[in-house]
Amino acid sequence: MAELHILGNIHGASNFKYQSLFCRYSFQAGPNWTVVSGLPEGQTVSGQLGSSQSAVWSHPLDIHYITKGLQGWPKLLLHVSCLDSLGRTWTVGYSCCSLPAVPGYHEIELPCWAPSAATLTDRIRQYFLGGSHQLLQTDIINIGLDRLKLKTESRGTVKLHIDIVLRNFSQFGVEYK
Amino acid sequence: MNDFNRSNKVTGVHWLKKPITSLNIKLHLKPENGIALPNFEDFTNESANLVQTVDATEFNFKWQQKTFSTWELSRYSDIHNCISDTELEYHEIIKDSSIEASKVFTYIHEDNYLPTPKTENLREKSDGFEGLTSCMAKLSLNGTLSRFVNEDTMSMGRLFRSEDNIAVDGDSWMSMHVVLDNSEYNEDSQLLLKQEAVLLSLHHNTTRNYVIVSPDVNTLEWNPYAVETSTGVRWNYVYALQLEFDREDDVDDLEILLKKLKKKWHSKNKHFLNFTMPSIGKKQYFITFEILSAKDFDADELYVEFFIKYPDGVTSSDVHHGRTHVTTSMRSEDEPTQAHFAQTVDLQVEADDDHEPAPIKVFFEVISTDWWGRHRTEGYAYLPLPLDPGHRTRVLTCVRPEEKDKVEAESRRFFVGGCHLLKDLDVLTKPRMQNTDFHYASSGTLHLRWSTVAQSTIACRLPPAQPSVSSASAVLQGAEAVLKQYRKARARLAAATRDLKCHDGGGDSWVNG
C-alpha cells in the first residue's frame with residue numbers, strides 16, 4: 001500500500017489589506033485516498049499584520065494518507081478570513097494548490113482571490129461596513145475548469161512550507177522524480 | 001569535563017507466556033579486542049550471526065541451573081566447609097558426579113547471593129523513613145506528626161500506613177545470577193585473589209509471573225555489554241545475552257492460526273491492496289497543472305484561456321480547453337500588477353511504455369475584459385509540457401503580434417485595444433510560420449507550476465523471473481512478449497502486403513487496359 005506523509009506548516013499571509021487574518025484549510029483528495037492519521041481540515045490562529053505587511057501563523061500540518069491509486073492527488077484548499085475590531089469575520093481570499101508529487105522540502109506560494117462586488121451598492125457597502133461576497137459552493141475552487149462567469153479580485157498570497165514523504169510508491173511502478 | 005555514564009545496560013521486564021522452567025539463557029562472551037577474521041566458508045554459509053560465532057564462547061544455562069566456579073568446586077568438595085543444607089546438597093552433587101568448574105557460573109536462588117527486588121525496595125523505604133525520622137527529630141515535629149499518623153480515624157494516618165505497605169505485599173521472588181569468575185588461582189586451584197562480576201541477574205516474580213532481566217537481552221554485533229565489576233572497573237570482556245524458550249508442540253497450531261489470520265486480513269483489506277495499475281504495455285502520466293498568476297499586463301481585468309494539444313501516441317480523455325475566472329489585478333507602487341488565478345487542472349494521459357512520448361503542447365491566451373463587456377487578447381504563450389516526472393515552476397513571457405509601424409501599433413492599441421489574433425496557435429511553436437508583417441511584443445508574464453507522476457506496469461520493472469518459477473508476473477511478462485512479437489509480425493506482414501497491393505494494382509490496370 002502506498003503512503004504519503006505531508007508535514008510542514010502554513011507559514012503566513014502577505015499583501016492582504018486587512019489588519020488581522022486567519023485561515024481555514026482543508027485537504028481534498030480523490031476516492032482512492034484515505035486519511036490514516038492527522039486532521040484533514042483545521043484553522044490557524046488569527047495573526048496581525050506586521051511591519052512587512054504579512055501575518056505569520058506557522059500552523060503545523062501533519063497528515064498521513066494511504067492510497068490505492070494515483071488519481072485524485074491531494075490538494076490544499078484555503079479560505080483566508082479577516083477579523084475586525086468588532087469581532088466580525090468574513091472571507092477575504094480563496095486559494096488552492098496541488099501538493100507536490102516529489103518528496104522533499106517545498107516552499108509554495110498560493111495566490112488568493114475573492115469574489116468581487118457585483119454592483120456599485122455592494123462595493124460601497126463593503127467599503128464602509130466591511131463584509132464580502134462568498135462562494136456558496138466551494139468546489140469551484142479546486143475542480144472548476146471553465147469559470148469565466150466568476151468575477152473576482154486578486155488578493156494577497158499565502159506561503160506554505162511542506163515536506164513530502166512518499167512510501168511504497170515505487171513498488172507499484174510509480175516514478176516521481 | 002563532565003563525567004558521563006557510558007553504560008549501555010538497561011533493565012528489561014518480560015512477561016512470561018510459557019513456564020519459567022523452559023527458559024534457556026544463552027550468553028556469548030569474548031575478549032573485548034579479540035578480532036578474528038571470518039573464513040571464506042563462513043561467508044558461503046550466509047550466517048546471520050557471523051560475528052557472534054567468531055571468537056565468542058557460548059554458555060547455556062537453564063532456569064535455576066547451578067554451575068560451579070573453581071573456587072566453589074574446591075570449597076564444596078570438602079564436607080567440612082559445608083554447613084547449611086544447600087551447601088551439603090552441593091557437596092553431594094559434586095561427590096556423585098564429575099562436575100567441572102566453569103569460568104561463567106551461576107548463583108541460584110538458594111545461594112542468596114544478591115538481594116531480591118523486594119528486599120531492596122524495603123531497604124530503600126526504611127532508609128527513606130529513617131531519613132524522614134531524623135529530619136522530624138531535628139525539626140521537633142515528631143510529637144505533632146505522630147498524633148496524626150497513629151490515629152486510625154484520621155485520613156492522613158491511613159494514607160501514611162498505606163504508602164508504607166504499598167509495593168510488594170504478598171509478592172514472592174526467585175532470583176538467579178550469572179557471574180564471570182576472573183579470580184586468580186595457583187597451580188593447585190587454590191584461590192589467590194577472588195574477582196567476580198555479575199553478568200546477568202534474573203528476578204522472577206512468581207506471584208505475577210514476570211521476569212526482570214538486568215541487563216536486558218542484546219546482540220554481540222550491535223550492542224555488546226562490557227564486563228564490569230560492581231565498582232565499574234572494566235575487564236576487557238564483552239558479552240551478549242539471549243533468552244529463549246523451549247519449542248513446544250503447539251508451534252504448528254500457531255503457524256496455522258497465523259496463516260488464517262493473514263488470509264483474513266488480506267480479504268478484509270483487499271480494496272487497499274489492489275493498487276490501480278495501467279494496462280499492460282502502457283504508461284500513465286498524472287499531471288496536476290496550476291495557473292498561478294499573470295503579472296505586468298496593462299489591463300486590469302484578466303482571464304486566461306488555455307488549449308491543450310496532445311502529441312501522437314499520447315491519449316487522454318481529459319479536457320482540451322478551459323478558462324479561468326476573471327480577476328481584477330492588484331496594483332501597488334512597488335510591485336508590478338498581479339492577477340491571481342490559482343486554478344488547478346488535472347490531466348491523466350496514457351502512452352506506450354516502450355518509447356518516450358513527446359511533450360504536451362499547452363497554449364495560453366491572456367484576455368482582458370472591460371466594463372463594456374469587450375474581450376480583447378493581451379498576449380499568447382506556449383508551454384511544451386514534458387512528461388518527465390517531477391515538480392516544476394515556470395514563468396512564461398506572453399507575446400502579442402504588433403504592427404511594425406510603431407505609430408500605427410500604438411494608435412491601434414490606444415483606440416481599439418487588444419492585438420491581432422492568431423488563427424492557428426501552432427505559429428507559436430514554429431516561428432518560421434509567423435507573419436512577417438508583424439513583430440511580437442512582450443505584454444506580461446504568466447506564472448505556472450506543475451507536478452508529473454508516471455506509472456507503468458510492475459512487470460516491466462521486476463527482474464526477470466526464473467524459468468522454473470511460475471508466478472503472476474512471469475505470466476504477464478510472457479503475455480507481453482507474445483504481444484510484442486505479434487505486433488512486429490503484423491507490421492512485417494503489412495509492409496510485405498503493401499508491396500503486393502501495389503503490384504496487384506499495376507496488374508489490374510494492365511489487364512483492364
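**Exercise 1. Chain A at a glance**

Work out what share of the contacts in chain A with a separation of 6 or more comes from residues 24 or more positions apart.

*Solution.* Start with the term: a contact means heavy atoms within 4.5 Å. Among the chain A contacts with a separation of 6 or more, 76% link residues 24 or more positions apart. A quick note on the ground rules: this is a predicted model, where local features need pLDDT of at least 70 and side-chain atom pairs count only at pLDDT 80 or more, while totals for chains, interfaces and linings use all residues. Residues are numbered from 1 along each chain as its sequence is written, chains are lettered from A and ligands numbered from 1 in the order in which they are written, and side-chain values use heavy atoms, leaving out hydrogens and water.

Next, go through the elements. Helices (H or I, at least four residues) and strands (E, at least two) are DSSP runs, numbered from the N terminus. Chain A has 2 helices and 11 strands, and along the sequence they read β-β-β-β-β-β-β-β-β-α-α-β-β.

Last, check burial, where buried means under 20% relative accessible area, exposed over 50%, and partly exposed in between (1.4 Å probe, protein chains only). Of the 177 residues in chain A, 51% are buried.

**Exercise 2. α1(A) and the largest pocket**

Find out which element gives the most to the lining of the largest pocket.

*Solution.* First, the search itself. It runs on a 1 Å grid over the protein atoms alone: a cavity is a set of points where a 1.4 Å probe fits but cannot get out, a pocket is an open set with protein on both sides within 12 Å along at least five of seven lines, and lining residues have an atom within 4 Å of a point. Points are joined across faces, edges and corners, and a volume is the space filled by probe spheres set on them.

The largest pocket comes out at about 790 Å³. It has 26 lining residues, and Lys17(A), Tyr18(A), Glu153(A), Ser154(A) and Arg155(A) lie nearest its centre. Two or more lining residues come from each of α1 (120-129) and β10 (151-167) of chain A. The winner is α1(A), with 5 residues.

Now look at that helix. α1(A) is hardly covered, with 1 buried residue among its 10. Right after α1(A) comes Gly130(A), which has a positive phi near 85°.

To finish, sort the lining of the largest pocket by class: 8 nonpolar, 11 polar and 7 charged. Here Ala, Val, Leu, Ile, Met, Phe, Trp, Tyr, Cys and Pro are nonpolar, Asp, Glu, Lys and Arg are charged, and the others, Gly among them, are polar.

**Exercise 3. The second largest pocket**

Which elements of chain B each supply at least two residues of the lining of the second largest pocket?

*Solution.* Begin with the volume, about 550 Å³. The lining has 23 residues, and Leu114(B), Val198(B), Ser201(B), Ser214(B) and Ser230(B) are the closest to the centre of this pocket. The elements are α5 (117-139), β8 (196-205) and β9 (210-214), and β8(B) leads with 7 residues. By class, the lining of the second largest pocket splits into 12 nonpolar, 7 polar and 4 charged residues.

**Exercise 4. Edges of two sheets**

Identify the strands of chain B that stand at the edges of the open sheet of 5 strands, then those at the edges of the sheet of 4.

*Solution.* Strands pair if DSSP finds at least two bridges between them. In the sheet of 5 strands the order is β1-β9-β8-β5-β4 (chain B), paired antiparallel. β1 (12-15) and β4 (104-107) of chain B each have a single partner strand, so one side of each has no neighbour in the sheet. The twist from one strand to the next averages 20°. At one edge, 4 bridges join β4(B) to β5 (residues 173-181) of chain B; Thr106(B), for instance, has Val178(B) as its bridge partner.

The sheet of 4 strands runs β3-β2-β11-β10 (chain B), again with antiparallel pairing. Its edges are β3 (57-62) and β10 (225-228) of chain B, each with a single partner strand, so one side of each is left without a neighbour in the sheet. Here the twist averages 35° from strand to strand. β2 (residues 23-31) and β3(B) are joined by 6 bridges, and Asn24(B) is partnered by Lys62(B).

Methods: Axes fitted to C-alpha atoms, helices over the stretch in contact; angles between N-to-C directions.
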